Amino acid sequence: MSSIHTELVLKALESLDALSAPPPDGRPSLLGVPITELERFAEAAGEQRYRGRQIFQGLFHRRVTSFADLTDISKKLRDALEATFDIDRPKVEQVQASTDGTRKYKLKANDGSIFEAVYIPEVARGSRTNTLCVSSQTGCAVGCKFCFTASLKRNRNLSAAEIVGQVLAVRDDVAPFGERAQVTNIVFMGMGEPLLNYAQVTRAIGILLDPMGAAFPSKRITVSTSGIVPRIYDLGRDLPTQLAISLNATTNAVRQQVMPITKKWPLEELITALRAYPLQPRRRITIEYVLLGGVNDTIEDARRLPHLLRDIPVKVNLLPLNAHDRTELKTPEWSQVLAFERELKRHGMNAILRRPRGRDISAACGQLGETVPLPQSREAAT
Ligand code: SAH
Ligand code: SF4
C-alpha cells in the first residue's frame, strides 16, 4: 500500500468512534458503523459525504457481502474501506427448524465465539409478525436460577456489528421464503443481558432504526432486561424502543432467590424506574413473568402483581418455565398457570399466556445455548 494511501486510511480511522470498541481480532466490522460515521469516513477519504450513505445502503438494501459488490463507489474508496474494515457476518454454523416454523441459528463470530438467534413466525390477531430474538452476549453473568444461558461458562459482549450481523444473516436465510417471511420485529431476549452491554446494544439499535438502512420502526424493537436499573433510565433517555422487564416475582425475598440481581437493585427501585420510563402514547412496558412451580405462581402472587404495577401501562407475558437439566425449578401444573392468568385478568390486567415456541429444538426462552440435533436440522455448508 502506498504511503499516501496509508495516510488516508489512518485519517479515516481516526474519524471513527467504531474504534473505541475494538473487535476481538482484526479490523472492526463495517456492520457496526452508523451512517454518520460512514459519511465522515468518505469525507476523510477525500470523497463526497453521500458516498457514506451509499455504502450504508449497499449493506442494508442491496445486502452486499463483499467490498467488491459496492460497485457504486470508487475503487479508491472501496480500497480504503477494505483496508479499514471487515465486512463479514457471523457465520451460520447450524440452522434448526422446529415443527412450528421457529428457526434457531447457531452463529460463530470470527474469534470462534458461539451465540444464537431465534426466528419466530407468528400470526396474531390477523397480522403476521416474524420476530427475531437476538443475543447481546455469549453467555450471561446475571445468574438467574431458571435460565440455561446463565449456566454457560463463557461470556463476552457481542459487538454492535455482531448484533446487526445476526439480523442480516437471518434475513438472508429466510429471504427464499418470500416477502411474508421477512423479519418484522427484533427482541433482545436471546443470550445475555443487553443492558450490561449498553454501548454496543444501543449502537446496534441506532443502526437498525436508521431510516436509510434496515429502517425498523422503534415500536418493533424491544430490549428485555433483568433490571439493570441505572441503565433503564439511560435507555429511556437515549432510544425510543420498547422495554421489557423480566420480573418473575412479586416479593424481594422470592426474586432474590431466583434472580440474585435483586440484591443489587430491589423491586422498589426497579418499579420506580418503570414509573419514570418515558412511554410514547399507546405504548406499554412488557412484563415477563416466568411461572415457577411452587415458587412464584400462587394466587397471592397473582394478586400482588397488579398492585405492584399499578398506574404503569404494562402488558404481562406469562411464560410457564421451560424446564432443562441445569435448573431444579419446575414448570407449574397447567391448572395453576390458568388460575394465575385468571386472577390477573380478574384484576383487569392485560395478561397473555405465551405458548412456548421451538421447544423441540431448545429455542424457547431460557434454553439458548443448548443445542439439540434434529433430523430436519441442516448443518451449514462450510
Ligand atoms: N437477559 C434479558 C434478556 C434475555 S432472557 C432478560 O433477562 O430479560 C429472555 C427471557 O427469557 C426473560 O424474560 C427470562 O425471564 C426468560 N427465561 C429465561 N429462562 C427461562 C426458562 N427456563 N423458561 C422460560 N423463560 C425463561
Ligand atoms: Fe441473563 Fe436474562 Fe438469563 Fe437472567 S434470564 S441469566 S438476565 S439471560
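This report walks through a predicted model of a single chain with its ligands, from the overall fold down to a few individual residues.

## The chain as a whole

Let's start with the big picture. The chain has 382 residues, and 57% of them count as buried. Its secondary structure adds up to eleven helices and eleven strands.

Long-range contacts get a good share here: take the contacts between residues at least 6 apart in sequence, and 67% of those join residues at least 24 apart. As for the outside, the accessible surface is about 16,800 Å², with carbon and sulfur atoms contributing 51% of that.

## Around ligand 1

Ligand 1 sits among 20 residues, and the closest of these are Phe146, Gly192, Ser224, Ser246 and Asn322. Sorted by class, that shell holds eight nonpolar, ten polar and two charged residues.

Which atoms do the polar talking? On the glutamate side, a side-chain N or O atom of glutamate 288 comes to 2.9 Å from an oxygen atom of ligand 1, while a polar side-chain atom of glutamate 193 is 3.4 Å from a nitrogen atom of the ligand. Asparagine 322 joins in through its backbone, with a polar atom there lying 2.9 Å from a nitrogen atom of ligand 1. On its own, ligand 1 has 530 Å² of accessible area, and the protein covers 96% of it. Two elements give two or more residues to the shell: strand S6 (221–225) and strand S8 (285–291).

## Around ligand 2

For ligand 2 the surrounding residues can be named in full: Cys140, Val142, Gly143, Cys144, Phe146, Cys147, Ala150, Gly192, Glu193 and Ser226. By class, this shell splits into six nonpolar residues, three polar ones and one charged one.

Some of these names should ring a bell. Phe146 and Gly192 are on the list for ligand 2, and both are also among the closest residues to ligand 1. Glu193 is part of the ligand 2 shell too, and its side chain is the one with the 3.4 Å approach to a nitrogen atom of ligand 1.

## Salt bridges

The model has 21 salt bridges. Arginine 303 and glutamate 343 make one of them, with N and O 2.9 Å apart. Arginine 303 is in helix H10 (residues 299–308) and glutamate 343 is in helix H11 (residues 334–346), so this pair ties together parts of the chain 40 residues apart in sequence. The two ends sit in different settings as far as burial goes: arginine 303 is partly exposed, at 41% relative accessible area, whereas glutamate 343 is buried, at 8%. Elsewhere, Arg231, Asp234, Arg237 and Asp238 are joined into one network by salt bridges that share partners.

Another pair is arginine 156 with glutamate 162, whose closest N and O atoms are 2.9 Å apart; both of these residues are buried. Lysine 91 and glutamate 93 also pair up, at 3.0 Å from N to O, and lysine 91 is partly exposed, with 38% relative accessibility.

## Two buried residues

Isoleucine 186 belongs to strand S5 (residues 185–188). How buried is isoleucine 186? Its relative accessible area is 0%, so it falls under the 20% cut-off for buried. Leaving aside residues up to four places away in sequence, isoleucine 186 touches Leu132, Val134, Val167, Leu208, Phe216, Arg220, Ile221 and Thr222. Its C-alpha atom is also 8.6 Å from that of valine 223, which is 37 residues away along the chain.

Histidine 324 is found in the loop between strand S9 (314–320) and H11. Despite the loop setting, histidine 324 is buried, with a relative accessible area of 9%. Its side chain reaches the backbone nitrogen of phenylalanine 148 at 3.3 Å.

## Positive phi without glycine

Two loop residues have a backbone angle worth a look. Alanine 215 has a positive phi of about 55° although it isn't a glycine. Alanine 215 lies in the loop between helix H6 (198–209) and S6, and it is partly exposed at 37% relative accessible area.

Aspartate 311, again not a glycine, has a positive phi of about 70°. Its loop runs between H10 and S9, and aspartate 311 counts as exposed, at 74% relative accessibility.

Definitions and conventions
Residues numbered from 1 in each chain as written. Chains lettered and ligands numbered in written order. Predicted model: local features only at pLDDT ≥ 70, side-chain atom pairs only at ≥ 80, totals over all residues. Heavy atoms only, no water. Salt bridge = Lys/Arg side-chain N within 4 Å of Asp/Glu carboxyl O. Buried < 20%, exposed > 50% of the residue type's maximum accessible area, 1.4 Å probe, protein only. Helix = DSSP H or I, 4+ residues; strand = E, 2+ residues; numbered from the N terminus. Contact = heavy atoms within 4.5 Å. Areas by Shrake-Rupley, 256 points an atom, 1.4 Å probe, with all protein chains shown as cover. Near = heavy atom within 4 Å. Polar contact = N/O pair within 3.5 Å; in protein donor to acceptor, adjacent residues only side chain to side chain. Nonpolar A, V, L, I, M, F, W, Y, C, P; charged D, E, K, R; others polar.
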